[in-house]
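Hi everyone, thanks for coming. I'd like to walk you through a structure that is new to most of us, so please have a look at it first.

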Amino acid sequence: MGKVLIHPERTTGVGSGLIAAILSALIMGLGQMYNRQWAKGIIFLIAELVSVYLIVTSLANNIWGLITLGDQPSRMEKVGRLYQNVPGDHSIFMMIYGLVALLYIALLLCFYIANIKDAYRIGKKRERGEVGNTFRQTWKMIGNQGFPYLLLTLPAIGVLVFTIVPIIFMVLMAFTNYSAPDHIPAKNLVDWVGFRTFTNLLTLKSWSHTFIGVLTWTIIWAVVATVTTYFGGILVALLIEQKGIKFKGMWRTLFILPYAIPQFISLLIMRNLLNFQFGPINQYLRMMGLGSVPWLNDPFWAKVTVILVNMWIGIPVSMILVLGVLTAIPRDLYEAAEVDGATGFQKFRNITMPFVLFQTAPILIMQFAGNINNFNVIFLLTNGLPANGDYAFAGSTDLLVTWLYKLTLENQRYNFASAIGIIIFIIIAAFSLYNYRRSRSFKEEDMIQ
C-alpha cells in the first residue's frame, strides 16, 4: 500500500500566506523566515529591534514632550552666595523632537505593514508551488524594476525633512501661545491653546482690524498686479508683433531689461528715485513747478507706486510668454478672418485672446498666487510703510506675507505668524485649484496629448 502525502496546511485549512502574515504581524521578519527568506527576515527583525530600542530610550519621551511641551522652565537657583541658571525644558525643541518621533513612528508603521504584505505575498506563492526570490534576486529586481523608485528615495527624504517637517511644525505653532514677551523659551514654557490664536486674530480689535485691512489690500494688490502685468504684457507683445514695426529685436531687448536686472538692485534704485525730498523724480517735478508727489510717504500714493513699479518689472515676463504663443497661432486663421471682413478687434477677441488664454491660463493662476506672496516688491520698495497707527505691527502697504515676516523676525509673535501662514496657504490653494480645474487648459488637456 503506497504512502499518502498529506500537506499539513491543507489539513488545518490555513495557508502559508496567512501563517506568514500572522508571524510577521507578531514579530517583523518572522514571516520571511518562515518562507525561508532568511536575509530579508533578518533585515526586518533588526529594523524592529532598533526601533524598539529607540522607542524605549528616546522616542516615547519625545512624544510625551510633544504632548506636554515641558513642565519646568529655566530658573535661577542660589548656590552658596551666588545665583546660578538652571536649564529647564525648551518647549520648541521638545515640539521638534516629538514631531520627528511621530514621523519615525509613521514610517515604522508603513514598514511594518509592508513586512506583513511581503510575507503574505511570498506565502501565497509557496502555496501555488512557486519558489520565492532569494535575497540576491530581490536585490537585482530592485536594481532593475525598482531603480526609478530607488533614485527617488533621496529626493523624497529631502522633501520630508526640509519641506514637510517645517510645514507641520509651522502648523503646530499656530495652536500654541509661542509669542513674546511671556512665552519665549527657554525662560518660559509654551502651552497648547487650541484655536485661541485664530480666535484672537479674528476677534481682538487691534488684531482683527489689522488682519482685515492687510487681507483686503493683499487681495486688491494680487488682482490688480496680476491683471495689469498680464494684459500689459499682451499689449506690448501685440504691438511688437505688428507688421509695420521695425527693429523688433531691439524692442524686445529694451522691454526685457527691467526683468533681467536683479530685483534687489532695481527696486532699491527705484526707492531712491522716488524719495520725497531728494529723489530725482520729485526734483524734476519741482523744477517744472508741479510740486512733489509723496510717492512712498502717503498710503494711497504708496499703493499706486508699488503697482506701477510692479508693472515695470512684471510686464516683460508676460510679454515673453505671449510672444511665444503668438508665433504658434496659425496664420491662416487670420487670413480667413480678413476674407470674412473681420476687424482687428474681432480678430483679437475671437482668435488671439482664446489662444493666449488657453496656453497661459495655468501661468496666470500661478502669477496670482505669486503676487499674494510677492515679498520683494513690497519689502524692498516700501518695507510696508508708511506707518499705520491703527495696525498691529503692520504698515499701510504690508501684504500678509510681509506682515508675517515682521511678526516673526521683528516682534517674535510666532503663533500669529503661523496662523497667518496657514490662512495664506488656504487662500492660495483654494483659488488655484478652483480656477485651474475650471480652465480650458485643464478641461481640454486630453486634446493635446
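**A walk from the surface to the core**

Let's begin with one residue: F135 lies in helix α6. Keep in mind that we are looking at a predicted model. Is F135 buried, exposed or partly exposed? Its relative accessibility is 43%, so F135 counts as partly exposed; the buried class would need a value under 20%, and the exposed class one over 50%.

F135 also has company. Together with I43, W139, I142, F147, L150 and L151, F135 forms a nonpolar patch on the surface, and their accessible area adds up to about 720 Å². Two elements give two or more residues to this patch: α6, residues 135-144, and α7, residues 147-173.

Now for the record. An unreviewed UniProt entry lists several stretches as "transmembrane region", among them 42-67 and 149-175. In the model, residues 42-67 are 100% helix, with end C-alpha atoms 34 Å apart. Residues 149-175 come out as 93% helix and 0% strand, and there the end C-alpha atoms are 36 Å apart.

Next, helix α2, residues 16-26. Its buried residues are S16, G17, A20, A21 and S24. Why do they sit on the same side of α2? Because they cover an arc of only 130 degrees around the axis. An α-helix has 3.6 residues a turn, so residues three or four places apart point the same way.

Finally, the inside. The largest nonpolar core has 23 residues, and L201, L400, W403, L407 and I420 touch the most other members. Helix α18 gives the largest share of this core, eight residues.

Methods
Residues are numbered from 1 along each chain as its sequence is written. This is a predicted model: local features need pLDDT of at least 70, side-chain atom pairs count only at pLDDT 80 or more; totals for chains, interfaces and linings use all residues. Side-chain values use heavy atoms; hydrogens and water are left out. Patches are made of residues with over 30% relative accessible area and no salt bridge: like charges are joined within 9 Å, nonpolar side chains (Val, Leu, Ile, Met, Phe, Trp, Tyr) within 5 Å. Accessible areas come from the Shrake-Rupley method with a 1.4 Å probe; for residues, only the protein chains shown count as cover. A salt bridge is a side-chain nitrogen of Lys or Arg within 4 Å of a carboxyl oxygen of Asp or Glu. Helices (H or I, at least four residues) and strands (E, at least two) are DSSP runs, numbered from the N terminus. Buried means under 20% relative accessible area, exposed over 50%, partly exposed in between (1.4 Å probe, protein chains only). The arc is that of the directions from the helix axis to the C-beta atoms. UniProt positions are given in the numbering used here, feature names are shortened, and annotations may be inferred rather than shown by experiment. A nonpolar core is a set of buried Ala, Val, Leu, Ile, Met, Phe, Trp, Tyr and Cys residues joined through side-chain atoms within 4.5 Å.
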